[in-house]
Amino acid sequence: LTIIMNMKLTFESFASKIKESIQIETFNKDTLKILNLYDNNNGYNNAAGLLADRNHFPGIGIVKFGQNISVIQKRATIENISILEVYDKAIDMFRDYYQYEIIEGAERKNVEKIPEAAFREAIANALIHRAWDIESQIRVLMFDDRLEVISPGGSAHQE
């Protein structure tokens, strides 16, 4: 991975997630060294850049179509933030369009038009397997009956 020299990166989002996952109390530059994201001689590497709160990497472009591709209900670009936040924001947008609640009698049921687990897997795969040296976003095309996830340097599809 390329080294990112002389940059002041912050890792609030990453620190929060890692503290939650492995119950560490302190997150600092030593933590980044242990995780091979930083070394004193070279600085941060690209992996650190991807996890930093702000970065220069392309993220995800999402389009939600209406009845056909000529009708765009929403367009969002999620980039230049931690890939952990990119992932979370993509999931939030998915939930807005593919999940709803229905009340049947005295019970409330959650309904998924498309399984969230499948979307999570598609986005995770697109982020992990994309070619980061290509200046292009992962594209997510949302239709009423399917999703398409296209990743630079690889692709994952969910229908």
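## The cavity and its lining

Leu50, Asn55, Phe57, Pro58, Gly59, Glu79, Asn80, Ile81, Ile83 and Val86 line the largest cavity (a set of points on a 1 Å grid over the protein atoms alone where a 1.4 Å probe fits but cannot get out; lining residues have an atom within 4 Å of a point). By class, six of these lining residues are nonpolar, three polar and one charged, with Gly counted among the polar ones. The space inside comes to about 30 Å³, taken as the space filled by probe spheres set on the points.

## About the model

This is a predicted model, in which local features need pLDDT of at least 70 and side-chain atom pairs count only at pLDDT 80 or more, while totals for chains, interfaces and linings use all residues. Residues are numbered from 1 along each chain as its sequence is written, and side-chain values use heavy atoms, leaving out hydrogens and water.

## Aromatic pairs

Now for the rings: there are seven aromatic pairs (ring centres within 6.5 Å; planes under 30 degrees apart are stacked, over 60 edge-to-face and the rest tilted). Phe11 and Tyr44 have ring centres 5.7 Å apart and planes at 45°, so they make a tilted pair. Phe11 sits in the loop between strand 1 (3–4) and helix 1 (12–22) and Tyr44 in strand 3 (residues 43–45), so the pair ties together parts 33 residues apart in sequence. Phe11 is buried (under 20% relative accessible area) at 6%, and Tyr44 is buried at 6%. Phe11 and Tyr44 also form one aromatic cluster with Tyr38.

Conventions. On a 1 Å grid over the protein atoms alone, a cavity is a set of points where a 1.4 Å probe fits but cannot get out, and a pocket is an open set with protein on both sides within 12 Å along at least five of seven lines; lining residues have an atom within 4 Å of a point. Rings of Phe, Tyr and Trp (its six-membered ring) pair if their centres lie within 6.5 Å; planes under 30 degrees apart count as stacked, over 60 as edge-to-face and the rest as tilted. Helices (H or I, at least four residues) and strands (E, at least two) are DSSP runs, numbered from the N terminus. Buried means under 20% relative accessible area, exposed over 50%, partly exposed in between (1.4 Å probe, protein chains only).
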